[in-house]
Amino acid sequence: MVQKYIAYILLSIVFLCAMSCTRDYLPKPLGYNRLELPPAVYQSLPDTLPYSFEYSKHSRLLPDSTNIRERYWIEIYYPALKANVHVTYKSINHNNKLLKEFLDDAYTLTAKHQIKAYAINEVITKTPSGKTAVIAELEGEVPSQFQFTVTDSSKNFLRGALYFNTQVANDSLAPAIEYMKKDIMHMINTLEWKNK
């Protein structure tokens, strides 16, 4: 009886060893870092600009770093997300030709992303204070996922574009992109001109 018991144990071990040699598992896909998105808390821009809006307290206000920068151009940098919102401002002074030129330039800058974009969804809307805003959401592996213009059509024109300084694919950045869209919409909806 002891021999049968030992034979049964040996047979069980052989069976378990044979079953453990099969490969029906898949390797885990490459993972990405988890994003910790801060709560939405806002502050006002300094009084030195001809426009004002509320921007995130989790960001830093920087002067524009491009070669063609102008006096009232700024960057709003989000260190935790490695994101920048580039904001440019132009005075129109009741010049419809100048307004058309600025709108055409903004459209051209957005259209440059058509090469990599799956879609560019553009919406024209009014802000709570009556300003006209054109908002473009870009889908795909594009360097800028969200762009906007806001104008009163007579004196002021403001343009903004979102950029992430990272090599991570946009589908992995989706939570950060959505977070940034909400922050930018808050900027647009709180925008006021100071040269009334």
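**Close-ups of a predicted model**

**View 1. A pair of residues facing each other across two strands.** In this predicted model, Ala 133 sits opposite Val 150, a residue of β9. The strands in this view are β8, covering residues 132–140, and β9, covering residues 146–151. They pair in the antiparallel sense, with six bridges between them.

**View 2. The open sheet of seven strands.** Pull back a bit and you can follow the strand order β4-β5-β6-β10-β9-β8-β7, with antiparallel pairing. At the edges are β4 (60–63) and β7 (117–126), each pairing on one side only. On average, neighbouring strands of this sheet are turned by 15 degrees against each other, direction ignored. If you want to place the sheet in the whole protein, the count is three helices and 11 strands. Starting at the N terminus, the elements go α-β-β-β-β-β-β-α-β-β-β-β-α-β.

**View 3. Two helices lying across strands of the sheet.** Helix α2, residues 96–111, lies across β6, β7, β8, β9 and β10. Its direction is at about 10 degrees to β10. Helix α3, residues 174–190, lies across β5, β6, β8, β9 and β10, and runs at about 5 degrees to β9.

**View 4. The largest nonpolar core.** Here's a general idea to keep in mind: in soluble globular proteins, nonpolar side chains tend to be buried together. The largest nonpolar core in this model has 31 residues. Those with the most contacts inside it are Tyr 51, Phe 53, Ile 76, Tyr 78, Val 85, Phe 164 and Met 180. At least two core residues come from each of β5, β6, β8, β9, β10 and α3. Which element gives the largest share of this core? That's α3, with seven residues. Apart from this core lies another one, of five residues, including Leu 99 and Phe 102.

**View 5. Phe 53 and the residues it touches.** Leaving out residues up to four places away in sequence, Phe 53 touches Gln 43, Ser 44, Leu 45, Ile 74, Ile 76, Val 87, Met 187, Thr 190 and Leu 191. Phe 53 also belongs to one aromatic cluster with Tyr 51, Tyr 72, Tyr 89 and Trp 193.

**View 6. Two tilted ring pairs.** A search of the whole structure turns up five aromatic pairs. One of them joins Tyr 51 and Tyr 89, with 5.4 Å centre to centre and 35 degrees between the planes, a tilted arrangement. Tyr 51 is in strand β2 and Tyr 89 in strand β6, 38 residues apart, and the pair links these distant parts of the chain. Are these two rings' residues buried or exposed? Tyr 51 is buried, at 0% relative accessible area, and Tyr 89 counts as buried too, at 6%. Phe 102 and Phe 157 have ring centres 5.6 Å apart and planes at 35 degrees, so this pair is tilted. Phe 102 lies in helix α2 and Phe 157 in strand β10, so the pair ties together parts 55 residues apart in sequence. Phe 102 is buried, with a relative accessible area of 10%, and Phe 157 is buried at 4%.

**View 7. A proline in a loop.** Look between β7 and β8 and you'll find Pro 128 in the loop. Why does Pro 128 count as exposed? Because its relative accessibility is 68%, and exposed means over 50%. Pro 128 and Ile 188 are 60 residues apart in sequence, yet their C-alpha atoms are 9.3 Å apart in space. Across the protein's 196 residues, buried ones make up 36%.

Note on methods
Residues are numbered from 1 along each chain as its sequence is written. This is a predicted model: local features need pLDDT of at least 70, side-chain atom pairs count only at pLDDT 80 or more; totals for chains, interfaces and linings use all residues. Side-chain values use heavy atoms; hydrogens and water are left out. Two strands pair if DSSP finds at least two bridges between them. Helices (H or I, at least four residues) and strands (E, at least two) are DSSP runs, numbered from the N terminus. Axes are lines fitted to C-alpha atoms, for helices over the stretch in contact, and angles run from 0 to 180 degrees between N-to-C directions. Contact means heavy atoms within 4.5 Å. Buried means under 20% relative accessible area, exposed over 50%, partly exposed in between (1.4 Å probe, protein chains only). A nonpolar core is a set of buried Ala, Val, Leu, Ile, Met, Phe, Trp, Tyr and Cys residues joined through side-chain atoms within 4.5 Å. Rings of Phe, Tyr and Trp (its six-membered ring) pair if their centres lie within 6.5 Å; planes under 30 degrees apart count as stacked, over 60 as edge-to-face and the rest as tilted.
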